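Please work through the exercises below with the sequence and the coordinates at hand. Each task is followed by a solution in steps.

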Amino acid sequence: MTIEQSYAYRTLKGDDHQSWTALRQEGARDFPLGFLFTAEEAANMTSDEARSILNKGHTRGVFDASCMIGYCGLQIETLQQTRHRAEVGPFYVTSAYQGSGAARVLMDGLIGEARTRDVEQLELYVDVGNTRALSFYERCGFERISVHPDGFRIGGKPRDAYLCILRI
């Protein structure tokens, strides 16, 4: 495992689609509580669809040398009355790098970028059963604001999610 300082943060581009798709599939398969899409939906995404999503500029990655080890969405609101807010997610770091500091580099990159773009509030949802992710978000300064009942369903069963915010 490398030290935290060696990780790089950047916006993903269409050319990153293979690595991003692989991480997306891994995350949906291994950590279904962290994703709104299923493993099957992740596996069915075409290369063209992945390139199109990444070319919109809303996805960031964290890298160990040239290897993508995690990614996160950052969707900044564009309407005048909501542009002070941005939604974070999905947020995923591959298992081998969890606990290594890579997730913190990714989150710090998002927070720093949001500040430079005049975002004052980051928002995310996390399944109430995803205690490891919730603990990480709280260590990063996010606060639980409310519960979104039946926010999504896994196997047809309702799941609640916390709405968490970070004022920056």
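The exercises treat the sheet, the cysteines, the main pocket and some backbone features of this predicted model.

**Exercise 1. Sheet order and edges**

Determine the order in which the strands of the open sheet are arranged, and identify which strands stand at the edges.

Solution.
- Step 1. The open sheet is formed by seven strands, and their order is β1-β2-β3-β4-β5-β7-β6. The pairing within this sheet is mixed.
- Step 2. The edge positions belong to β1 (7-11) and β6; each has a single partner strand, so one side of each lacks a neighbour in the sheet.
- Step 3. From one strand to the next, the twist averages 25°.
- Step 4. For one pair in detail, take β3 and β4: they run antiparallel and are joined by six bridges. Across this pair, I76 stands opposite A86 in β4.

**Exercise 2. Cysteines and disulfides**

Establish how many disulfides the model contains, and explain why C140 and C164 form none.

Solution.
- Step 1. A disulfide is a covalent bond between the sulfur atoms of two cysteines. The cut-off applied here is a pair of cysteine sulfur atoms within 2.5 Å.
- Step 2. For C140, the closest cysteine sulfur is that of C72, at 11 Å, which is too far for a bond.
- Step 3. For C164, the closest cysteine sulfur belongs to C140 and is 11 Å away, again too far for a bond.
- Step 4. By the cut-off, the count is zero disulfides.
- Step 5. As to accessibility, the threshold for buried is under 20% relative accessible area. C140 is buried at 8%, and C164 is buried at 1%.

**Exercise 3. The largest pocket**

Describe the volume of the largest pocket, and state which elements supply its lining and how the lining residues divide by character.

Solution.
- Step 1. The volume of the largest pocket is about 1,200 Å³.
- Step 2. Its lining comprises 46 residues; G34, P90, F91, Y92 and Y137 lie nearest the centre.
- Step 3. Elements that each supply at least two lining residues are the helices α1 (17-30), α4 (102-116) and α5 (131-139), together with the strands β3 (67-76), β4 (85-93), β5 (121-127) and β6 (143-154).
- Step 4. The largest share of the lining, seven residues, comes from β4.
- Step 5. By character, the lining holds 24 nonpolar, 15 polar and seven charged residues.

**Exercise 4. Backbone geometry**

Locate the cis peptide bond that ends at P90, and place D118 and D150, which have a positive phi.

Solution.
- Step 1. Most residues other than glycine have a negative phi, and most peptide bonds are trans.
- Step 2. The bond from G89 to P90 is cis, with omega near -5°. P90 itself is in strand β4, and P90 is among the residues that lie nearest the centre of the largest pocket.
- Step 3. D118 is not a glycine, yet its phi is positive, at about 65°. The residue lies in the loop between α4 and β5 and counts as exposed, with 61% relative accessibility.
- Step 4. D150, likewise not a glycine, has a positive phi of about 50°. Its place is in strand β6, and at a relative accessible area of 34% D150 is partly exposed.

**Exercise 5. A pair distant in sequence**

For D30 and S95, compare the separation in sequence with the distance in space.

Solution.
- Step 1. D30 is in helix α1 and counts as partly exposed, at 36% relative accessibility.
- Step 2. D30 and S95 are 65 residues apart in sequence, while their C-alpha atoms are 9.0 Å apart in space.

Methods. Residues are numbered from 1 along each chain as its sequence is written. This is a predicted model: local features need pLDDT of at least 70, side-chain atom pairs count only at pLDDT 80 or more; totals for chains, interfaces and linings use all residues. Side-chain values use heavy atoms; hydrogens and water are left out. Buried means under 20% relative accessible area, exposed over 50%, partly exposed in between (1.4 Å probe, protein chains only). On a 1 Å grid over the protein atoms alone, a cavity is a set of points where a 1.4 Å probe fits but cannot get out, and a pocket is an open set with protein on both sides within 12 Å along at least five of seven lines; lining residues have an atom within 4 Å of a point. Grid points are joined across faces, edges and corners, and a volume is the space filled by probe spheres set on the points. Helices (H or I, at least four residues) and strands (E, at least two) are DSSP runs, numbered from the N terminus. Ala, Val, Leu, Ile, Met, Phe, Trp, Tyr, Cys and Pro count as nonpolar, Asp, Glu, Lys and Arg as charged, and the others, Gly among them, as polar. Two strands pair if DSSP finds at least two bridges between them. Axes are lines fitted to C-alpha atoms, for helices over the stretch in contact, and angles run from 0 to 180 degrees between N-to-C directions.
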